[in-house]
Amino acid sequence: MPLSKYFRLEALTLIAFLATIPIYSPNHLLFETGVFDVPTFMAPFANTMLFSTLVLGTLAALASGRRCPERLLGRGWVVAGVAAYLTGYGLLIAAAALPGVGTGAVGALSGFLLAAGTVELAVLWGSYMAAYDLRQALLWCALSVGCAALVGLLLSSTTFGVGLIVFVVLVLASFPVPCLAAWKRPRGGARPGDLGGGAKAAGAASSVQEAAESPAPTRRARLASLASVSGMPLAGLMVFAFMMGARKFILFDVVNMELLGCALGAVVALPICLLRTSRPLTTLIYRMLVPAFALVLIVLNSFPGTTMPMFFAAWLTYVFYGAVAILALASLAAVAHAREFSAGSVFGTAVAAFALFSLLGLGCAPTAPFQEEGGGPALLVVSTFYFVGVIAAALWGFWRAGAGADAQAQSVQARCEALADEAGLTPREREILGYLGRGHGIAFVAATLVISESTVRTHVKSIYKKLGVNGREELLAKVDEG
């Protein structure tokens, strides 16, 4: 499928949503220069928003079940979510711009409303992006995250008045596209991300009908199945959230590394969507590219703390997490694209997990281990555990793939042995049949057994005659049937 298929220019307004989504802490930098007292307002705002996002995201994931997978795409939910989002940001902007408004109570109310709006808009955007397969989603997520990070860097360096005007424009641009798509969605038909219509809509209806007719799995089984397909992307997103909550790293006291890391992470992630491979792209990403990047960071982090490699590793870690976050968003969109799980289940779970680990990061930040040397050593331990986990998961995946291949080869060999016994093949014919049954050709068999190809052909003709087949295709079919 070409990368440009189903692409619409308006989809790039995802940049506006990512540049203003409140659960990502760098998007608050502008408001810390406002007129309110930051400790009094921001603590109730951030804590209420993250806790509410955790609860509401979990409820959204549970509500988007098998019987009503697109519940949150209904018009009533869309209107309520947008209203909460705009009201929450209206309170935040008023608190930042007007003296006396930024109280703790206003901060808590703003945080709750923004949490409700964020969960709804995350599901809407997730449903919209579910039209794209992994390569397409990776392209647009990398572009959107990278541009959103650049916007954040610009907002952090401009005056409060100019930044506030730009921020308001971004907020207003962040929701119309997915909301209109959900509003136009046919009842019981294709979801808003299905930009192709036609056969795709019919496929969606067929999927819904099949889901309704098949026995419903238990909630635990659904959660286990969701974890199996989105576990690696969610793990990366959760560690990213924890790191962002636990420490603010300002490079040279000028550049916010969270934003710079996402911008450079987009540069790293973008070329992956152009790679051509016979393997599934997820295998390439999570068994090769991400583990290789993690291994490089482990090596660099092994140098003493005052050396250049260690300093390089410190900021390269943020690039790694920025790239991992982009890959996670694209992978989650691809999970929703596969239709096994609804956008509400996938992205409700994602925002809830992000909020949970952001809270854990904020909770760890004041503790003694995270106060020592700016939290660098403690975060190095956390990162190393994650790096080791990524590499271990890749090795486990390769081992399982190898074990599966061995099991398949043993099964084929057993069927070939049974056919050889039945047909009365000679020991050499039995040996050659084993190779033929596994799909090897005459040249491979000759090189492996160190005999001439003409001898192999003679044995093959005898094998065909004894088994009653006329060619390789019939032989392989007979092996499969056996």
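This is a short walk through a predicted model, stop by stop, with what to select and what you will find there.

**Before you start**

Residues are numbered from 1 along each chain as its sequence is written. Because the model is predicted, local features need pLDDT of at least 70 and side-chain atom pairs count only at pLDDT 80 or more, while totals for chains, interfaces and linings use all residues; side-chain values use heavy atoms, with hydrogens and water left out.

**Stop 1: the whole chain**

Colour the chain by pLDDT, the predictor's confidence in each residue, from 0 to 100. The chain's mean is 82, and 84% of its residues reach 70 or more. Now select residues 188–216, where the pLDDT is below 50. In the model this stretch has 41 contacts beyond near neighbours in sequence, a contact being heavy atoms within 4.5 Å. Where pLDDT is low, the predicted coordinates should not be read in detail.

Switch to a cartoon view and you can look for 19 helices and two strands. These are DSSP runs, numbered from the N terminus: helices are H or I with at least four residues, strands are E with at least two. Of the contacts between residues at least 6 apart in sequence, 80% join residues at least 24 apart.

Turn on the surface next. The chain exposes about 22000 Å², and carbon and sulfur atoms supply 67% of that area; accessible areas come from the Shrake-Rupley method with a 1.4 Å probe, and for residues only the protein chains shown count as cover. Of the 482 residues in the chain, 47% are buried. Buried means under 20% relative accessible area, exposed means over 50%, and partly exposed is in between (1.4 Å probe, protein chains only).

**Stop 2: inside the chain**

Which residues touch the most other members of the largest nonpolar core? Select Phe 31 and Phe 320, which do so in a core of 124 residues. A nonpolar core is a set of buried Ala, Val, Leu, Ile, Met, Phe, Trp, Tyr and Cys residues joined through side-chain atoms within 4.5 Å. Helix H12 (residues 308–337) gives the most to this core, with 17 residues. Apart from this core lies another, of 20 residues, including Leu 433, Leu 436, Val 460 and Val 479.

Zoom in on Phe 31. Beyond its neighbours within four places in sequence, Phe 31 is in contact with Phe 36, Leu 92, Ile 93, Ala 96, Leu 164 and Phe 167.

**Stop 3: charged pairs**

The structure holds five salt bridges, each a side-chain nitrogen of Lys or Arg within 4 Å of a carboxyl oxygen of Asp or Glu. Select Glu 417 and Arg 430, whose side chains meet in one of them at 2.7 Å, N to O. Glu 417 sits in helix H15 (residues 376–423) and Arg 430 in helix H16 (residues 427–437), 13 residues apart. Glu 417 is partly exposed at 30%, and Arg 430 is partly exposed at 23%. Add Asp 421 to your selection to see a network of salt bridges linking Glu 417, Asp 421 and Arg 430.

Next, pick Glu 429 and Lys 466, a salt bridge with its closest N and O atoms 2.9 Å apart. Glu 429 is in helix H16 and Lys 466 in helix H18 (residues 453–467), so this pair ties together parts 37 residues apart in sequence. Is Glu 429 buried or exposed? Glu 429 is buried, with a relative accessible area of 5%, whereas Lys 466 is partly exposed at 35%.

Stay on helix H18 for Arg 457 and Glu 453, a salt bridge with its closest N and O atoms 3.5 Å apart. Because these two are four residues apart in the helix, about one helical turn separates Arg 457 and Glu 453.

**Stop 4: the outside, and two long-range pairs**

Select Phe 51, Val 55, Leu 59 and Leu 62, which make a nonpolar surface patch of about 350 Å². Val 55 lies in helix H2 (residues 38–63) and is partly exposed at 35% relative accessibility.

Then try Val 79, in helix H3 (residues 75–97). The C-alpha atoms of Val 79 and Cys 179 are 8.5 Å apart, with their positions 100 residues apart along the chain.

Finish at Leu 362 in helix H13 (residues 343–364). Leaving aside neighbours within four places in sequence, Leu 362 is in contact with Asn 47, Leu 50, Gly 245 and Ala 246. Leu 362 and Ala 241 are 121 residues apart in sequence and 9.8 Å apart in space, C-alpha to C-alpha.

Note on methods: Patches are made of residues with over 30% relative accessible area and no salt bridge: like charges are joined within 9 Å, nonpolar side chains (Val, Leu, Ile, Met, Phe, Trp, Tyr) within 5 Å.
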